[in-house]
Amino acid sequence: MNSVSPILSAAEDTDGQSSKLRHAISLYGEPKYSESFEHFNYVNPSAPKGGELKQGVIGHFDSMVPYIDRGTAAAGSHMMYDTLLARSWDEPLTKYGLIAERIELAPDNTWAAFYINPLARFHDGKPVTAHDVKFSFDLLREKGSTFYKHFYQDVEKVEVTGNDKALFVFRHSNNRELPLILGQMPILPKHYWVKRDFSSPGMEIPVSSGPYKPVRIEPGRSITFARVENYWGKDLPVNRGRHNFDRIQYEYYRNSNVLLEALQKGEYDLKTVSDPRVWHGQIRDESLKKNQLIRSSLSNHNPQTLTITYNSRRELLSDPGVREALGYAIEFDWINRHLFHGMYKRADSVFAGTELGASGKPSEQETEILSAWKLEIPAEALDQAWIPPGDEPGTTRRDRKRKALTLLKQSGWTIKKNQLVNSNGKPLELEILLSSSEDERIFIPVQKTLGSMGIRLNIRTVDVAQYVERVRNQDFDMVMYTFPHTPSPGTEQASLWGSSTVHQHGSRNIAGIKLKSIDSLTEKIPQANSREELLTLIRSMDRIILWNHYVLPLWYQPDWLVVHKKQLKYPKNPAPYALDLSTWWYQKNE
């Protein structure tokens, strides 16, 4: 383990309470790993270095910067950039020193100071300083993705108090997660970016500091990263047993069918499979054997609900009754049985399969919170479990259709010439936007069911780049979407559900939610003082989203399904909260 450089003693706050220098910070309780830890438990510290990992991806790329809303960043580009802190993936939310070797927190949560590791270097040999930290913060907030503007809004200012110390002063003391949020900030070299346009996508290889850097680029087709031999952080405890491949390559393919065939021809080494149809019916065992490929299943403890997300900004989808009615056209049991070999589990929450989900009836604490927002939720939300439309026990297809039509009638829709129209005579015609032709099979029976109700559903499949841009522009009616959650939701919930960014380009509020109740809860979530309080707030928010039918939870899969070369190995105890390929390695002798 590297020795720690001398650092100024901790400060005294106005009440005489002293802050202290920390090797790690955790949202609740103490970090799992002590200051003397040598490596994470989910790595193999003796993993050999060497070999290559080749992966396949769909689409194209035109940028080397993954932190802006313009262009499409190359797969793997995040590997170029180190962050202030490194996350451990066997704890809900704890981060350990990386570029910042020590962290100092105000006892009243009004500031946080990050002390830069004197070993930290960019790839051009220049040291990482606190000036780079301040520059990165300002650059991301001013020219980065919309996400960062919201993420950093609780920071009042950043001060450089020395080459090795960056002090972040907070607007208030309520956001307990803010020091951890800042810890995941990528650090960009001021000397490189100060005269360049960060907001424009481009193919120039930027100066960075991470464990890998690009060595070969075929624009839009392929990119290869090489492990940095003299990477400054390779011996840190957070990196021991990680970043084991000498080269990591990404090959781009036109669509999912071509990608799958390329795997079975041995053109690349590893693929995660999210579709049980592929796992059971399209991956040929003889092809796997011929190309020395095997299957692995690793337990996934993250929230991972796939949803149909309705764009409530659209006039036709602004009514919760219409959104609820559409849900009755989805027959999960039939889809799961006929298309997915019964491998999926029905989701009844945005956070299904975890303790975060609002399953069952609301608790007393949840009811107290929900009672304050009776104008934004139906009365039954206060004492009943939310059930996906049509999943009520004993519901038949006829029952589903009858209920849907009743809801649509209540919302002002009537049937004329076998077509639903509103008071203005406008027909109910919608589009589901997809990025994979494989998903079309899911919606063909849905299309037929809706057609029998007088609703026209158009199924529109576009390439990944067009899909991303249309979602960024809110140019869609419905999409299949998995919201990016972790085991410890926090400040990011406001960007996913809050109203402040609802009409901004690149907004992550895909559903277009504008509710005072959601804004209030997403503000309180980062302020939770305990895990129990956090769960109550998250579940209450979940219920409001569900009862307003902004999304329809479809299903989740409890495991990561991976096809990979036999020579690729992973630790005996993999991380529960991430499929962390940085812990895998290439085993020469099989």
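**Reading a sheet and a pocket**

User: In what order do the strands of the open sheet of 6 strands stand, and how are they paired?

Analyst: In general, strands of a sheet pair through backbone hydrogen bonds, either parallel or antiparallel. Here the open sheet has 6 strands in the order β16-β22-β15-β21-β19-β20, and the pairing is mixed. β16 (345-346) and β20 (456-461) form the edges, and because each has a single partner strand, one side of each has no neighbour in the sheet. Strands are DSSP runs (E, at least two residues), as helices are (H or I, at least four), numbered from the N terminus, and two strands pair if DSSP finds at least two bridges between them. This is a predicted model, in which local features need pLDDT of at least 70 and side-chain atom pairs pLDDT 80 or more, while totals for chains, interfaces and linings use all residues. Residues are numbered from 1 along each chain as its sequence is written, and side-chain values use heavy atoms, without hydrogens and water.

User: How many bridges join β15 to β22?

Analyst: Strand β15 (residues 306-310) runs antiparallel to strand β22 (residues 551-556), and 4 bridges join them; Thr309 stands opposite Val551 of β22.

User: Which residues lie nearest the centre of the largest pocket?

Analyst: A pocket is an open set of points on a 1 Å grid over the protein atoms alone, where a 1.4 Å probe fits, with protein on both sides within 12 Å along at least five of seven lines, and lining residues have an atom within 4 Å of a point. Here 20 residues line the largest pocket, with Arg22, Ile25, Ser26, Gly29 and Leu105 nearest its centre. The largest share of this lining, 3 residues, comes from β2.
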